[in-house]
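Work through these exercises with the structure open beside you. Try each task before you read its solution.

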Amino acid sequence: PIYSVSLPLAAPLLPVNQNANIFVPIFEFRISNFVLTGLVSCLLALVACGSPTAPTPPSRHIPEAAGDLSARQMGEAVVLSFTLPRRTTDGKAVGRNLQILLYRQFRKEELPPPPAMLAQARRGGAAEAAGEDLGQRLFGDAKPIVEWAGGDLERLAAGQMAQYSDRIAVADLKAHSGEWAVYGVLARNKKGRSAGFSNLIALRIYPAPAPPGNFLARNVEAGVELSWTPPSETTSGTAIASAGPFPIYRSTPGEKEEWELLAEAANSPWTDTATEYGKTYRYTIRAVARYGPDLVESDASARLTITPQDIFPPKAPEGLVGVPILAAFGGPAIELSWQPNTEADLAGYNIYRSEPPKPRDGGGYQRRNAKLIPGPAYRDDMVEAGKTYSYAVAAVDRAGNESEPSAEATASVPAEQQP
């Protein structure tokens, strides 16, 4: 079919109003049904593009709740660790709109409800309970032990592990010995809105043993030897039956000093054999007191710094013998040999000779070699027929440490036979 369509394009001009001198151009042309359908489709597409979408609600900026709170008593403090929230409950980045509140409560009984508990009866033994209602019920009206906001959190990035050391007064440790210390973390925005408490951690607390005393570090050939005196009482003055084992921590000085648990020594002294000469190490030690199934570490002892040095010479060579060589066989000479030393840092040997009756301890020995002898053999060609010579050998390591001289060996050069 053919349709007539009037469009305001060109002449002729017809008056719109008989009383007004206004004209509208009228142009008439014919288009097919196919073209008309296309025009309608384009018009509908334009209308659809202009339709408004469903509005997106603004973010409430509520940080997610922490879910990995852990706790461990170390000395008179409980060390808390947890991951800072990375995102809000609606998936946005937390940014700087964050506040962290830490709570603590002493309890004589375990956390309710028992089915939600995960008991751990080891060092820093803690019980864990999940549930926002429980945290609100325990800490709803309590004052936090610490609150982080603004600059307190600038040094920590979202998603990073945060730590806090809750120092408990000696009197409180004594008064609440064996009771539960319950901890929770609340992450909220600056308007006080939160997604609820973290998992709750409960651990039994006890008076801490005093740190080991007389802590000393000594440079020995095997490494660094550490010695100490075990404590006999807690920091609150109560006696302890035993204070072992003794966790030993080591670090190497640097921009970021990190302490690693090196060993748990049973007794004093103890030697750190994993050291290098010329490298600086720092050490500290703790004592451990046992309360039934629970173990509590003391505070750290004084920190010691030591740089091991190689001041230890090799052992004296053994098996030195001297054999005279006659002139007929390329002499006169005296050939020396001995058992080789086995030290890993052995550099070589020095040869010493004297001519009796000069005493050995009276300066009669003179070094024969200008450079170190690399192996366990030496030929002395500077001898005379008919004379007797005494020899000693000393081992030298790469640090220049020289051993004690070996046992003396004596050899006589036979007199020349007259024809």
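A residue is buried under 20% relative accessible area, exposed over 50%, and partly exposed in between. Keep these cut-offs at hand. The model is predicted.

**Exercise 1.** Classify Arg 368 as buried, exposed or partly exposed, and do likewise for its salt-bridge partner Asp 380.

Solution.
- Step 1: Take Arg 368. Its relative accessible area is 27%. That value lies between the two cut-offs, so Arg 368 is partly exposed.
- Step 2: Take Asp 380. Its relative accessibility is 1%. That is under 20%, so Asp 380 counts as buried.
- Step 3: Look at the contact. The closest N and O atoms of the pair are 3.5 Å apart.
- Step 4: Place the partners. Asp 380 sits in strand E27 (residues 377–380), and Arg 368 in the loop between strand E26 (366–367) and E27. They are 12 residues apart.
- Step 5: Widen the view. Shared salt-bridge partners join Arg 353, Glu 355, Arg 368 and Asp 380 into one network.

**Exercise 2.** Find how many residues separate Glu 297 and Arg 72 along the chain, and say which strands hold them.

Solution.
- Step 1: Find the contact. The two side chains form a salt bridge, 2.9 Å from N to O.
- Step 2: Locate each partner. Glu 297 belongs to strand E21 (residues 294–297), and Arg 72 to strand E5 (residues 70–74).
- Step 3: Read the separation. The partners are 225 residues apart, so the pair links distant parts of the chain.
- Step 4: Check accessibility. Glu 297 is buried at 0%, whereas Arg 72 is partly exposed at 29%.

**Exercise 3.** In the open sheet of four strands, which strands stand at the edges, and why is one side of each left without a neighbour?

Solution.
- Step 1: Write the order. It is E17-E16-E19-E22, with antiparallel pairing.
- Step 2: Pick the edges. E17 and strand E22 (304–306) each have a single partner strand, so one side of each has no neighbour in the sheet.
- Step 3: Add the twist. It averages 30° from one strand to the next.
- Step 4: Inspect one pairing. Five bridges join strand E16 (residues 246–251) to E17. Tyr 249 has Leu 261 in E17 as its bridge partner.

**Exercise 4.** Which backbone features mark Pro 269 and Asn 214?

Solution.
- Step 1: Start with Pro 269. A cis peptide bond joins Ser 268 to Pro 269, with omega about 0°. Pro 269 lies in the loop between strands E17 (260–265) and E18 (270–272).
- Step 2: Turn to Asn 214. Its phi is positive, about 50°, although Asn 214 is not a glycine. Asn 214 is in strand E14 (residues 213–220).
- Step 3: Classify Asn 214. At 58% relative accessible area, Asn 214 is exposed.

Note on methods:
Residues are numbered from 1 along each chain as its sequence is written. This is a predicted model: local features need pLDDT of at least 70, side-chain atom pairs count only at pLDDT 80 or more; totals for chains, interfaces and linings use all residues. Side-chain values use heavy atoms; hydrogens and water are left out. Helices (H or I, at least four residues) and strands (E, at least two) are DSSP runs, numbered from the N terminus. Buried means under 20% relative accessible area, exposed over 50%, partly exposed in between (1.4 Å probe, protein chains only). Two strands pair if DSSP finds at least two bridges between them. Axes are lines fitted to C-alpha atoms, for helices over the stretch in contact, and angles run from 0 to 180 degrees between N-to-C directions. A salt bridge is a side-chain nitrogen of Lys or Arg within 4 Å of a carboxyl oxygen of Asp or Glu.
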